[in-house]
Amino acid sequence: MSVASAGVVGKDSAVVLGVRNLRLSFSALRGPVEVLHGVSLHVRRGEKVALVGESGSGKSTIARLVLGLLQDEEVAAIGGSVRLGSREILGDQTAIRAARGDRVAMIFQDAVSAFNPTFLIGDQFREVLRRGDPKISNSEALRRARAALADVYLHEPDRVLGSYVFQLSGGMSQRVMIALALANDPELLIADEPGSSLDVTVQARTLHLMNELIGRHGASVLFISHNLGVVREFADRVYVIYRGRIVEHATAAQLFADPRHPYTRALLAAIPKLDRTRLPDTPETSPSFADPLIEHAGCSEPPPASA
Amino acid sequence: MSPLLKTLIHRLIASLVVLAGVSMLMFLIARVIPGDPARIALGPNATEAQVQALRHERHLDEPIPVQYWEYIRELAHGNLGNSLYSNRPVRVDIAQYLPATLELVFTAGLMMTLIGIPVGVLSARYRGRWGDHIGRIASIMGVSTPAFVWGVILQLVFAYLWRLFPIEGRLTATLPAPPSMTGFVLIDAALAGDGRALVDALHHLVLPALALAMAGIGQTARLTRASMVETYRKPFIEMANAYGFPESRIANRYAFRPALVPVLTILGLDLAALLGNAFLVESVFGWPGLSRYGVEVILHKDLDAIVGTVLIIATAFLVANIAVDLLVALVNPRIRFAGGRS
Amino acid sequence: MTFISESPGWRAFRRNPTALTGLALVTLVVCAALFADLIAPYPSHAGPVGDFTAMSAQPSGQYLLGTDTIGRDLFTRIIYAYRLSLEMAIVVLAIATPIGVVVGLLAGYLGPAWSYALMRLTDVFLSIPPLVLAMSITGFLEPSAIHGMMAITAMWWPWYARLTYNLTRAEKQEGYVLAAETVGASLPHILFREILPNCMPAILTKMTIDVGFVILIASSMSFLGLGAQAPTPDLGSMVADGAKYMPDSWWLTVFPALAILIVVMGFNLLGDGLREAADVRR
């Protein structure tokens, strides 16, 4: 298999997000519980990377670690490295906090519960825009919020901005969330199963919309999902994660043409069973799921960045 | 009709139903308890004829529903009956004593929210650190100590030992009282432009109000902390964090407002304890409110006065709760738009 | 079957310093009350007669917490007052809880008309401040410990009705209740065998905390002279009597006051610990 040499096929654009050997364990009553066993992944400028695994595999945890959200809680042990551009941010909460909502934005799974029910959408929009420009005037914020909502095809932006989240439909909230995430033109967008709480048609529309906007804004994306079917349409590259380990790393084309890891095959086999109410976990666990990482040709982690 | 108005009307009607229930309950208790109210009222030396006359006058010789109906008819005219203890209409007695009690309760309520809520917010924000632990222990001590004990302790330390505050009363006796217009000394003094009386009244108010507020401060702080901690686990707070909203703005705004809803709702119920405990604190500080009157009429089995006092206190509680409900609706848009409690 | 010592709830309880403090305080008070006759240095001082040669004595080796104005040992009287307080709290809760629980179960399970009527009834009770209601009920009778107990019971049950009502409403939606309904289980079976066991942890927690609060209300009433009458040792009346001799005979007030704080706080902390332990288990 490919050695950890530089990326081979013309992938010389800058690494926006570099996660290297990320480890996480919680201390529990019966001793430490390992959640992440040394995860490495990267996202290059303009790239759309998917991280796929069943619920509980640790994929959402990675997203939260990248944003520094778990570090604020009492977590037993975190190790490894997370770089945003060239800056190491794991353990540097000040640096992560400064990047949140500005250089890095996140789209949440369930937009309805991600908005504060006691504040107008407009208030929350303005707060986010302030992250990009602390001195933004109210009228300028309103203008930009309107424009952002028009971008996601919400035709009555003023009505939306003057609403509370429970006055919007699930699909609308998800669009507002996308508009919000892209409002400050982030370099990196983390999308945590966007719309998976919605019904399939609305979800599909939401994903297409997100894809379109990402293209327009030129953001790099880390796309987190448990659904390989969804990933096929949007991702350039795919990491498959199983129980806190990356088990397969390939371009989307490679992965769907030639899934090699038993766990990936199990995930692929699960796609047809998708229904709109409940997305299934893999059918069963097999010992072979614990096989070591399989990297497809051309897919390897970049060498550690020299500071 | 706006949902807010609908909520208000809904609550007003419910309150009237409850108030009718309170009057019925008190009336029943007063009438089914052994002993002849007329005999008790007139004392053992009265002749049987006198007792009979009073029984007839007060409709005591008629069935209980008729008695209740007569009582309600009088009540509708604002007549709460006559006090046998003071020989005056109960209404007059209450009008005299109630303002002092309300002044005390209102001040204590203010202290309890203005101290309790910030303590709870800070405790939740710095949860697990030593400040949080101290806040929690202080809160639980506040809740676990009866108001009269707080009264006695504060009086001992701040009035007897350190002489920072007067031991008892509402105004210094040698000071000419401001002309009574509302019965609320603070307001009367302010209206009369009497600065000295105002300061003196405030000076007298501090210890009793604090003693009354202590349990409420502890309770409010505990509730606020619990509600804030729960809110911190909500997805919208994670979102606020993920978008880098400043920590203080999350604590004071984005977590605070949703967390306030359950706190306010329960605080409304706690007002009952405040109104009740006022009796204890007034007794410790010789505060000329409803307390002494209430205890005296109870000891004298002065039925109309007891029922009247309880009715007035229940009314105060219900009015305060409607105010709290409106406040909750103001904080929680879900209620404002849906009309009614979620 | 697991041993209780292995359950995560118990483990959480054991590691919770405040819960353990509560348990220690409660154990202390309960033991003092149970073994009052053995512990109290001057058992006869629980009655009306003290030692006239040692009136208003300061706390000392002989009289640990001092003596009152007629020479009765304060420590002895506090211990016997604990006994009375605990007896009152147990009787009140033993009567008020079942009433409230039944009302709450019915209101929560039966149709909206029932729940409206029963909940408005509890509203009536809850809109009168507990102390005021208890006071006025005693007022119609004669002030005494028994009547105080009756009055407190009368005002206490609505709280349990409220709690059980809310719990029942939530449990009603659960699968096991629907299952019982489908197989045609009787109303008492559904209420007491299916729903009630799931409400018990919350009810027991509230009862633990309430032991403290019943004692608090009872002492408040006797502070106003509407509870236990002399010469029965009672914490509230001891504080009231002592307050007349402030600040010179401070111990007459301060120690009974502390005694109230200890018992109420003990049950409060213990109840909080139990609640947190129950949360862990879920």
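1. In which sense do E4(A) and strand E5 (residues 87-88) of chain A pair, and over how many bridges? In this predicted model, the two strands pair in the antiparallel sense, and 2 bridges hold the register between E4(A) and E5(A). One of these pairings can be read at the residue level, since Arg83(A) has Glu88(A) in E5(A) as its bridge partner. The connection between E4(A) and E5(A) is a hairpin with 2 residues between the strands, and Gly85(A) in that turn has a positive phi of about 65°.

2. Strand E4 (residues 77-84) of chain A also pairs with strand E1 (residues 15-28) of chain A, to which it is joined by 7 bridges, and here too the strands run antiparallel. Within this pairing, Ser25(A) stands opposite Ala77(A) in E4(A).

3. Chain A also contains an open sheet of 7 strands, with the order E6-E7-E8-E3-E9-E10-E11 and mixed pairing. The edges are taken by strand E6 (104-107) and strand E11 (294-295) of chain A, each of which pairs on one side only. Inside that order, strand E3 (residues 48-52) of chain A and strand E9 (residues 237-242) of chain A run parallel and are joined by 4 bridges, and Val49(A) stands opposite Arg237(A) in E9(A). Helix H11 (residues 262-270) of chain A packs on the sheet, where it touches E3, E9 and strand E10 (245-251) of chain A, and the direction of this helix makes about 105° with that of E9(A).

4. A helix pair in chain A may be checked next. Helix H5 (residues 138-151) of chain A packs against helix H7 (residues 170-182) of chain A at an angle of about 125°, and the two axes are 9 Å apart. Because of that angle, H5(A) counts as oblique to H7(A), and the crossing in which H5(A) passes H7(A) is right-handed. On the H5(A) side the contact involves Ala148(A), Leu149(A) and Asp151(A), which meet Val176(A), Ala179(A) and Leu182(A) in H7(A). Sorted by class, this contact of H5(A) with H7(A) comprises 5 nonpolar residues, no polar residues and 1 charged residue.

5. Turning to the interface between chains B and A, 17 residues of chain B are in contact with 23 residues of chain A. On the chain B side, the elements that give two or more residues are helix H10 (235-242), helix H12 (256-285) and helix H15 (333-338) of chain B, and H10(B) gives the most, with 6 residues. The side of chain B that touches chain A divides by class into 11 nonpolar, 3 polar and 3 charged residues.

6. H10(B) deserves a separate remark. Of its 8 residues, 6 are buried, so H10(B) is largely enclosed by the rest of the structure. The buried residues of H10(B) are Phe236(B), Ile237(B), Met239(B), Ala240(B), Asn241(B) and Ala242(B). Their cover comes from both chains, and includes E6 and helix H3 (111-114) of chain A together with helix H9 (195-232) and helix H11 (247-254) of chain B. E6(A), which takes part in this cover, is also one of the edge strands of the open sheet in chain A. Just after H10(B), Gly244(B) takes a positive phi of about 70°.

7. At the interface between chains B and C, 40 residues of chain B are in contact with 37 residues of chain C. The elements of chain B that give two or more residues to this side are helix H1 (3-32), helix H6 (130-144), helix H7 (147-161), H12, helix H13 (290-299) and helix H14 (303-331). H12(B) provides the largest share of the side that touches chain C, namely 10 residues, and H12(B) is also among the elements that give two or more residues to the side that touches chain A. By class, the residues of chain B that touch chain C divide into 33 nonpolar, 6 polar and 1 charged.

8. Finally, chain C itself has 11 helices and 0 strands, and its C-alpha trace spans about 75 × 50 × 30 Å along the principal axes. Of the 282 residues of chain C, 51% count as buried. Among the contacts in chain C with a separation of 6 or more, 70% are accounted for by residues 24 or more positions apart.

Notes: Residues numbered from 1 in each chain as written. Chains lettered and ligands numbered in written order. Predicted model: local features only at pLDDT ≥ 70, side-chain atom pairs only at ≥ 80, totals over all residues. Contact = placed C-beta atoms within 7 Å. Nonpolar A, V, L, I, M, F, W, Y, C, P; charged D, E, K, R; others polar. Axes fitted to C-alpha atoms, helices over the stretch in contact; angles between N-to-C directions. Parallel < 35°, antiparallel > 145°, perpendicular 65-115°, else oblique. Left-handed = near helix turned anticlockwise from the far one by under 90°. Pairing = 2+ DSSP bridges. Buried ≥ 20, exposed ≤ 12 C-beta atoms within 10 Å, placed from the backbone.
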